[in-house]
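User: Please take a close look at the loops of this protein and at the backbone geometry found there. I would like one connected account that then follows the chain into its surroundings.

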Amino acid sequence: MPDTLRAAIRDVVDFPEPGIIFKDITPILGDAALFRRAIDLLCEATGGTQIDKVAGIDARGFIFASAVADRLGTGFVPIRKKGKLPWKTRQRAYALEYGEAVVELHEDAVKPGEKVLLVDDLLATGGTAAAAAALLEELGADLTGISFLIELSFLNGRTKLGPRPIHSILNY
Ligand code: AMP
């Protein structure tokens, strides 16, 4: 079944800029059976670990993380791009190929000791997930793992995530 998910992902060449092959997951989202299967596999990847909250990364991460949270019966925590969250935030900057980006988290989003699963659609260089994980840990979260639907292993993003447990459903 991961094969049918893999077959549904559309490679879009030179988007959003030349040289990038964008993994378009909208064909999975638009198919009820494939979307459910993606959520099934992300939930199975937790190995039954008890989780209090699922955190998702702006914006495609929200889609998967909120569905996983609903399925696991947990709360959902949004980690957003700079300037989108209305309450008091913690911020982390991380390097992009050109310049930097900032992710934010509400400072009351997680209580110390809460078990949090972090979910995003895709692991590329790892900068985004590393910044998100660091923010959660700064608030005292016990990060049980980081799960991705897609991992671009040739970019070695895992090395930025250290010893944290990483799961990905589809590897490229
Ligand atoms: P990175 O910080 O390099 O690991 O980039 C991960 C973030 O960028 C994820 O939130 C992805 O949604 C997005 N991203 C990076 N590369 C791609 C790609 N080739 N196709 C789709 N999304 C990507």
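Analyst: A residue is called buried when its relative accessible area is under 20% and exposed when that area is over 50%, and partly exposed describes what lies in between. With a relative accessibility of 47%, Asn-156 therefore counts as partly exposed. The model is a predicted one, and within it Asn-156 sits in the loop between E8 and strand E9 (166-171). Its phi is positive, about 55°, although Asn-156 is not a glycine. Most residues other than glycine have a negative phi, and most peptide bonds are trans.

The loop between strand E1 (10-13) and strand E2 (21-24), where Phe-15 lies, also contains Asp-14 and Pro-16. Asp-14 is not a glycine, yet its phi is positive at about 60°; because its relative accessibility is 45%, Asp-14 is classed as partly exposed. Phe-15 and Pro-16 are joined by a cis peptide bond with an omega of about 0°. Phe-15 is partly exposed as well, since its relative accessible area comes to 43%. If residues up to four places away in sequence are set aside, Phe-15 touches Ile-20 and Phe-22.

Another cis peptide bond runs from Asp-58 to Ala-59, again with omega near 0°, and Ala-59 belongs to the loop between E3 and H4. Helix H4 itself covers residues 60-72, and because each residue adds 1.5 Å, its 13 residues should span 18 Å; the end C-alpha atoms lie 19 Å apart, which agrees. An α-helix has 3.6 residues a turn, so residues three or four places apart point the same way. The buried residues of H4 are Gly-61, Phe-62, Phe-64, Ala-65, Val-68 and Ala-69. These buried residues pack against a set of elements that includes helix H2 (26-29), helix H3 (32-44), strand E3 (53-57) and strand E7 (115-123). After H4 comes Gly-73, which has a positive phi near 75°.

The ligand comes next, as Arg-60 is one of the closest among the 13 residues that surround it, together with Asp-121, Thr-125, Gly-126 and Thr-128. A polar side-chain atom of Asp-120 lies 2.8 Å from an oxygen atom of the ligand, while Ala-124 places a backbone N or O atom 2.9 Å from a ligand oxygen atom. For Gly-127, a backbone N or O atom is found 3.4 Å from an oxygen atom of the ligand. Taken alone, the ligand would expose 480 Å², of which the protein buries 83%.

Turning to the interior, the largest nonpolar core has 27 residues, and those touching the most other members are Ile-79, Leu-105, Val-110, Leu-118, Leu-136, Ile-146 and Leu-161. The elements giving two or more residues to this core are E3, E4, strand E6 (100-106), E7, helix H5 (127-138) and E8, with H5 giving the most, seven residues. Ile-146, again not counting residues up to four places away in sequence, has contacts that include Leu-117, Leu-118, Ala-133 and Leu-161, along with Arg-164, Pro-165 and Ile-166. A second core, separate from that one, holds 24 residues, among them Ile-51, Val-54, Leu-117 and Ile-169.

Methods. Residues are numbered from 1 along each chain as its sequence is written. This is a predicted model: local features need pLDDT of at least 70, side-chain atom pairs count only at pLDDT 80 or more; totals for chains, interfaces and linings use all residues. Side-chain values use heavy atoms; hydrogens and water are left out. Helices (H or I, at least four residues) and strands (E, at least two) are DSSP runs, numbered from the N terminus. The expected span of a helix is 1.5 Å times one less than its number of residues. Buried means under 20% relative accessible area, exposed over 50%, partly exposed in between (1.4 Å probe, protein chains only). Contact means heavy atoms within 4.5 Å. A residue is near a molecule or strand if one of its heavy atoms lies within 4 Å of it. A polar contact is a pair of N or O atoms within 3.5 Å; within protein, one must be able to donate a hydrogen and the other to accept it, and residues adjacent in sequence count only if both atoms are side-chain atoms. Accessible areas come from the Shrake-Rupley method with a 1.4 Å probe; for residues, only the protein chains shown count as cover. A nonpolar core is a set of buried Ala, Val, Leu, Ile, Met, Phe, Trp, Tyr and Cys residues joined through side-chain atoms within 4.5 Å.
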